[in-house]
Amino acid sequence: MLDFGHLQRVVVLTGAGISAESGVPTFRGHRGLWRQHRPEELATPEAFARDPKLVWEWYDWRRGLIGACQPNSAHRTLVDMETRLPDFTLITQNVDGLHHLAGSQRVLELHGNIWRMRCTREGTKQEDRLTPLPEIPPRCANCGALLRPDVVWFGESLPAEVLEAAFAAAAACDLMLVIGTSAVVQPAATLPLMAKQNGTLLVEVNPQPTPLSDYVDLSLRQPAAQVLPQWWQRQMESINGSSAG
Ligand code: OAD
C-alpha cells in the first residue's frame, strides 16, 4: 500500500492502452493498420505534403472511430484522482480527447488533439467533432489554405509549453503512474526515467512488459480499466483509514 500522506505530488502519464478498452486501437497493436499503411507512413509532414487527401482520409477514419468511443473506468478514475489529490498532473500522449470527455480538467496533451485543426498558412486553430468531414481535405474558412490535424507528426517538435510543463511536473513528483504506453516514443518515454532518477516511485499499469518495467516499483499487469479503479479504491481506503486513526 502506498502512503499517500507522504506522496504529495502525483503525475500520471498515459498512452494508447488506456483507451484500448474504450475501443480505440493502439498504435503498435495489430489493429493499428489502416488500408495496409502503418501510422509511421501517414503521420508525417512529408506524407501530408505528398498526399493531403490520403492523410486526411486516415484522420477522418480515426475521428469516426474515436467519436464512437466513450471514456472508460480508467479515464474516470483519473478524474477522481484529480479531484481528490492536491497536486496532480495528467500528461497524455493520446490525441483522442477521452480524458477531457471523461471530465479531466487539466490535461497536458503532448501529441495534440485529433479534434483540433490548424490552418497551414495562418496557424489558427479550430475544434469540432464533425465526423465524417464534409470536405476532404478540409480548408480554412478564412483564407482557403489547407487545414491539418493539430497533432504532432513524426519528425516534428512537441508543443514547447506543454513539454516544459510535463518535464517540470515529472521532475518534481513523488509518484508517477505510467498507464498503457509502450514507453518507446520520445520524449515522453524519458519522463518516467527522469522521475525515477529523482527518487520518484513508479507504478506501471500495462498487461504487457515494456522497456520501463525493469525500473518500476510496482507493476500492475492487467488492463487499465479493470485494475486502476480497484487499485485507486484500495489507496483511498488506506488514506481514509490512516486519517481516521
Ligand atoms: P502503443 O500502441 O505503442 O502502446 C500501447 C501500450 O498499451 C502497449 O504497451 C500495450 O501493452 C498497452 N495496452 C494495451 N491494452 C491495454 C489496456 N487495456 N490497459 C493498459 N495498457 C494496455 O501506444 P503509445 O505508447 O501511446 O504518437 O504510443 C506512443 C505514441 O506512438 C503515440 O502517442 C503516437 C504513436 O506514434 C504520435 O502520434 C506522435
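Me: How many helices and strands does the chain have?
Reply: The chain has 8 helices and 9 strands. Those are DSSP runs numbered from the N terminus: helices are H or I with at least four residues, strands are E with at least two. This is a predicted model, where local features need pLDDT of at least 70, side-chain atom pairs count only at pLDDT 80 or more, and totals for chains, interfaces and linings use all residues. Residues are numbered from 1 along each chain as its sequence is written, and side-chain values use heavy atoms, with hydrogens and water left out.

Me: Why call the chain as compact as a globular protein of that length?
Reply: Its radius of gyration is 19 Å, close to the 18 Å that the globule rule gives for 245 residues, so the chain is as compact as a globular protein of that length. The radius is taken over C-alpha atoms, and the rule is 2.2 Å times the number of residues to the power 0.38.

Me: And the box its C-alpha atoms fill?
Reply: Roughly 65 × 30 × 30 Å, along the principal axes.

Me: Switching to the ligand. Which residues are closest?
Reply: Ala16, Arg28, Thr181, Ser182 and Asn206, out of 22 that surround the ligand. Each has a heavy atom within 4 Å of it.

Me: What classes are in that shell?
Reply: 10 nonpolar, 10 polar and 2 charged residues. Ala, Val, Leu, Ile, Met, Phe, Trp, Tyr, Cys and Pro count as nonpolar, Asp, Glu, Lys and Arg as charged, and the others, Gly among them, as polar.

Me: What does the side chain of Asn206 do there?
Reply: An N or O atom of that side chain is 2.7 Å from an oxygen atom of the ligand. A polar side-chain atom of Thr181 also lies 2.7 Å from a ligand oxygen. For Ala16, a backbone N or O atom lies 2.8 Å from one.

Me: Any odd backbone spots? Where is Pro132?
Reply: In the loop between β5 (125-127) and β6 (147-151). A cis peptide bond joins Thr131 and Pro132, with omega about 0°. Another joins Ile136 and Pro137, at about -5°. Pro137 lies in the loop between β5 and β6.

Me: What about the phi of Ala183?
Reply: Positive, about 55°, although Ala183 is not a glycine. Ala183 is in the loop between β7 (175-179) and α7 (190-197).

Note on methods. Polar contact = N/O pair within 3.5 Å; in protein donor to acceptor, adjacent residues only side chain to side chain.
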